[in-house]
Amino acid sequence: MHRNVGARTAWFKGVAWAAGIALLSCHGAGAPPAFYATRFERTPSAAELASLGRALFFESALSASGRMSCASCHDPAHAWGPPNTRAVQLGGTDGRTPGVRAVPSLRYRQDTPAFDEHFVDDDGSGVDQGPAGGRDWDGRAANAHEQARAPLLSAFEMANADSAAVVVRLGQSPLSDRVRATFGAHVFDTPALAWTGLLMALETFQQSPRDFYPYSSRYDDYLRGSATLTEAEMRGLAVFNDPARGNCAACHPSAMRRGAFPQFTDYGFAALGVPRNATIPANADARHFDLGLCGPLRTDLASHAGYCGLFKAPSLRNVAMRPVFFHNGAFTSLDDAVRFYQYRDVRPELFYPRGAGGAVAKFDDLPPRYATNVNMDAPFDSLARAAPRFTDAEAADLVAFLRTLTDRP
């Protein structure tokens with residue numbers, strides 16, 4: 001039976017830092033990052049941290065509204081993704097403030113590298129992949145604890161003014177005694193220490209293999225040799241891998257590598273020209289554009305015009321469970337998402353509005369000056385084509401294959 005060596009290594013490294021190896025002040029070569037080099041009154045085990053993190057994940061008392069938890073947007077019943085068909089979720093101090101992007105699943109993030117503008121994979125090729133890595137749609141969170149921190153402070157999510165406000169709420173929450181039991185009776189005496197403990201617990205929980213990377217899909221069983229795929233699913237896999245048809249594997253690798261199960265993402269970024277979603281309240285302002293890598297949520301790359309419109313390729317694991325697709329939730333069915341890849345450049349009128357002169361306004365969610373950033377690799381095409389690169393029957397097969405990526409409950 002194949003083992004997912006890379007993922008298990010990530011888990012052991014993560015819990016090692018979080019469980020106490022890095023809780024003590026460390027110096028010299030090989031010392032862990034400063035965030036982890038924290039001396040608590042009591043050093044918890046990895047299991048204790050994960051258990052506390054699970055409870056914190058579901059605790060709504062940590063939000064300014066008192067009604068929102070991490071699980072409000074990342075529902076375990078939906079592969080830790082959104083529980084409804086809203087393009088963006090509601091949060092904020094009143095619980096009614098809309099976000100600006102679709103909520104991603106938290107599954108299969110354990111091997112995500114830190115963001116790098118010149119990412120070189122460890123496959124020995126030495127090829128500069130360009131921007132890759134990081135968490136969130138724009139890669140702005142470098143690691144798991146940065147990703148855990150952001151929703152707590154986001155104005156349209158849990159809406160705390162700062163970390164101190166979160167710690168106050170934590171100290172008044174039903175979990176306060178459990179936090180003291182985990183880190184020490186006086187942990188709240190130093191708010192920065194309690195804040196670090198909170199993030200470490202959330203981070204450790206989100207590295208739990210059973211919850212976040214179980215590798216329990218039928219495709220995983222197929223790779224193990226313990227299951228077979230139907231003829232339609234096998235045909236769909238062939239379309240997925242074929243550079244001349246779906247070409248999906250170019251950004252979402254499907255093959256095992258060094259004994260590790262595929263993550264179905266290369267962690268890279270691409271501009272797909274997804275149509276503007278009018279149901280996102282921010283889009284009521286015609287001047288508002290979500291440009292991914294170059295803003296507005298990420299600010300350090302705002303001057304990089306070549307990055308505008310680029311969003312990270314998500315893992316396609318559990319993609320059939322998603323209620324909305326792409327960074328702006330523009331599509332609400334897997335069939336329609338695949339259809340966009342199939343027909344974007346062949347029949348653009350299916351997806352984009354017409355301008356005043358009657359011409360189709362392609363890439364309407366991107367300022368025209370950035371249109372050259374849009375991906376034109378297969379299955380897209382910069383040339384006029386009479387037919388898409390794969391047929392409707394092949395699209396149905398592709399969807400059938402993608403459904404094999406759903407984890408067992």
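C248 is buried in this predicted model, with a relative accessible area of 17%. Buried means under 20% relative accessible area, so C248 falls inside that class. C248 is in no disulfide. The cysteine sulfur nearest to that of C248 belongs to C251 and is 9.1 Å away. Two sulfur atoms must lie within 2.5 Å to count as a disulfide, so a separation of 9.1 Å does not qualify.

**The disulfide**

- How many disulfides does the count come to? The count comes to 1 disulfide.
- The bond joins C294 to C308, and the S to S distance is 2.1 Å.
- The link of C294 and C308 is right-handed, with 125 degrees about the S-S bond.
- C294 and C308 are 14 residues apart, and the pair links distant parts of the chain.
- Both C294 and C308 sit in the loop between β3 (269-270) and β4 (311-312).

**Burial of the bonded cysteines**

- Are the bonded cysteines buried or exposed? C294 is buried, at a relative accessible area of 7%.
- C308 is buried as well, at a relative accessible area of 1%.
- Buried means under 20%, so the values of 7% and 1% put C294 and C308 in that class.

**Another cysteine outside the disulfide**

- C70 is in no disulfide.
- Which cysteine sulfur is nearest to that of C70? The nearest is that of C73, 8.9 Å away.
- A disulfide needs sulfur atoms within 2.5 Å, so 8.9 Å does not meet the cut-off.
- C70 counts as buried, with 14% relative accessibility.

Terms used: Residues numbered from 1 in each chain as written. Predicted model: local features only at pLDDT ≥ 70, side-chain atom pairs only at ≥ 80, totals over all residues. Heavy atoms only, no water. Helix = DSSP H or I, 4+ residues; strand = E, 2+ residues; numbered from the N terminus. Buried < 20%, exposed > 50% of the residue type's maximum accessible area, 1.4 Å probe, protein only.
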